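The following account leads the reader through a single protein chain, from one buried polar side chain to the cores, ring pairs and loops. It is best read with the structure open alongside the text.

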Amino acid sequence: MTHRDDRSGEPAACRPRRRGAVLGLATSLSAAAAITAAVLVPSTSEGPPEAPTGDTAAPVLTADPGTEREEIVTAARAELGTEETGKNCHKYSEQCVPWCALFAMSSWEKAGVEVDPEEFSFTGDVYTTGQTEGTAYGSAQLDSARPGDVLLFGTGPTTPDSSHHIGVVEKIQGERVTLIEGNTGDNPDRVMRKTHELGENTFYGGVRPW
């Protein structure tokens with residue numbers, strides 16, 4: 001949130017005045033000078049300007065250079081704009097099925113994570129495997145998300161209706177998270193960068209690389 005100098009003219013003396021008049025003029029000039037100074041000097045009665053608040057003031061959290069997390073993000077970024085070659089057919093698997101999880105896991109695989117993307121055509125399987133591996137976290141721990149993680153859209157890992165999408169975390173700023181997502185957009189679906197509110201209304205959880 002992003003989140004005049006008015007100068008009073010001083011009357012000039014036209015002719016010599018008597019002592020009383022001179023004193024009166026001096027008093028008037030002093031008062032005018034005080035008023036002018038009050039106009040010219042900014043008031044500090046309201047205190048210093050408020051510091052920016054909200055996402056504009058929050059630092060941008062990105063992957064540390066030279067880490068596995070950076071390699072995951074780099075692999076995902078390299079695919080931005082890649083389109084499916086037919087209805088749910090794509091380069092990340094020979095399966096012509098919804099492919100957002102296949103894309104996400106291929107980004108992990110390229111960075112050296114021990115994962116077979118072919119086993120993860122269903123997003124919920126990424127979460128349940130993360131639970132087994134000890135790297136999954138629920139909606140109450142979304143503030144622990146980091147670049148290179150994946151976040152799961154929906155309400156839970158049970159069915160494609162409750163776990164319907166997944167994306168690779170690119171960066172986080174305050175309550176906003178930017179993901180690189182496969183199988184999104186329209187005519188045709190592709191890999192895209194999107195920003196969302198980092199909250200339980202959008203995500204049921206996340207998984208760190210195991």
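Which backbone nitrogen does the side chain of N183 reach? The model examined here is predicted, and in it the side chain of N183 reaches the backbone nitrogen of W99, at 2.8 Å. N183 belongs to strand β5. Its relative accessible area is 13%, below the 20% limit, and N183 is therefore buried. Apart from residues within four places in sequence, the contacts of N183 are E84, N88, P98, W99, C100, H165, D189 and R190. Two of these partners, W99 and C100, can be followed further. W99 has a relative accessibility of 0% and so counts as buried. C100 is likewise buried, with a relative accessible area of 6%.

W99 also leads to the aromatic residues. The structure contains six aromatic pairs. In one of them, the ring centres of Y92 and W99 lie 5.6 Å apart with their planes at 25°, so this pair is stacked. The planes fall under the 30 degrees that bounds the stacked class. Y92 is buried, at 9% relative accessibility. Ring pairs extend this arrangement into a cluster of Y92, W99 and F103.

What kind of pair do the rings of F120 and W210 form? Their centres are 6.0 Å apart and their planes stand at 40°, so the pair is tilted. This pair connects distant parts of the chain, since F120 lies in the loop between α3 and α4 and W210 in the segment after β7, 90 residues apart. F120 is buried, with a relative accessible area of 5%.

F103, a member of the aromatic cluster, is also one of the residues with the most contacts inside the largest nonpolar core. In soluble globular proteins, nonpolar side chains tend to be buried together. Here the largest such core comprises 25 residues, and F103, M105, W108, V126, V150 and I166 have the most contacts inside it. Two or more residues are supplied by each of α2 (68–77), α3 (100–110), α4 (123–133), β3 (150–154), β4 (163–173) and β7 (203–207). The greatest contribution comes from α3, with seven residues. When neighbours within four places in sequence are set aside, F103 is in contact with A76, E79, Y92, V168, I180, E181, G182 and V191. A second core, separate from the one just described, has eleven residues, among them Y137, F153, V177 and F203.

A76, one of the contacts of F103, directs attention to α2. In this helix, I72, V73, A75 and A76 are buried. These residues span an arc of only 160° around the axis, which places them on the same side of α2. The buried residues of α2 pack against α3, β4, β5 (176–185) and β6 (189–197). Helix α2 therefore both gives two or more residues to the largest core and has a buried side, as the 160° arc shows.

How many disulfides does a search of the whole structure find? There is one, and it joins C89 to C96 with an S to S distance of 1.9 Å. The angle about the S-S bond is 110°, and the link is right-handed. C96 has a relative accessible area of 44%, which lies between the buried and exposed limits, so C96 is partly exposed.

Two loop residues show how positions far apart in sequence come together in space. N187 is placed in the loop between β5 and β6. Its relative accessible area of 68% is over 50%, so N187 is exposed. N187 and K87 are separated by 100 residues in sequence, while their C-alpha atoms are 9.6 Å apart. The side chain of N187 also makes a polar contact with that of D186, at 3.5 Å. The other residue, A58, is located in the loop between α1 (19–40) and β1 (60–61). A58 and E175 are 117 residues apart in sequence and 8.9 Å apart in space, C-alpha to C-alpha. Not counting residues up to four places away in sequence, A58 touches Q173 and G174.

Note on methods: Residues numbered from 1 in each chain as written. Predicted model: local features only at pLDDT ≥ 70, side-chain atom pairs only at ≥ 80, totals over all residues. Heavy atoms only, no water. Core = buried A, V, L, I, M, F, W, Y, C linked by side-chain atoms within 4.5 Å. Buried < 20%, exposed > 50% of the residue type's maximum accessible area, 1.4 Å probe, protein only. Helix = DSSP H or I, 4+ residues; strand = E, 2+ residues; numbered from the N terminus. Contact = heavy atoms within 4.5 Å. Phe/Tyr/Trp six-rings, centres within 6.5 Å; stacked < 30°, edge-to-face > 60°. Disulfide = S-S within 2.5 Å. Arc of directions from axis to C-beta. Polar contact = N/O pair within 3.5 Å; in protein donor to acceptor, adjacent residues only side chain to side chain.
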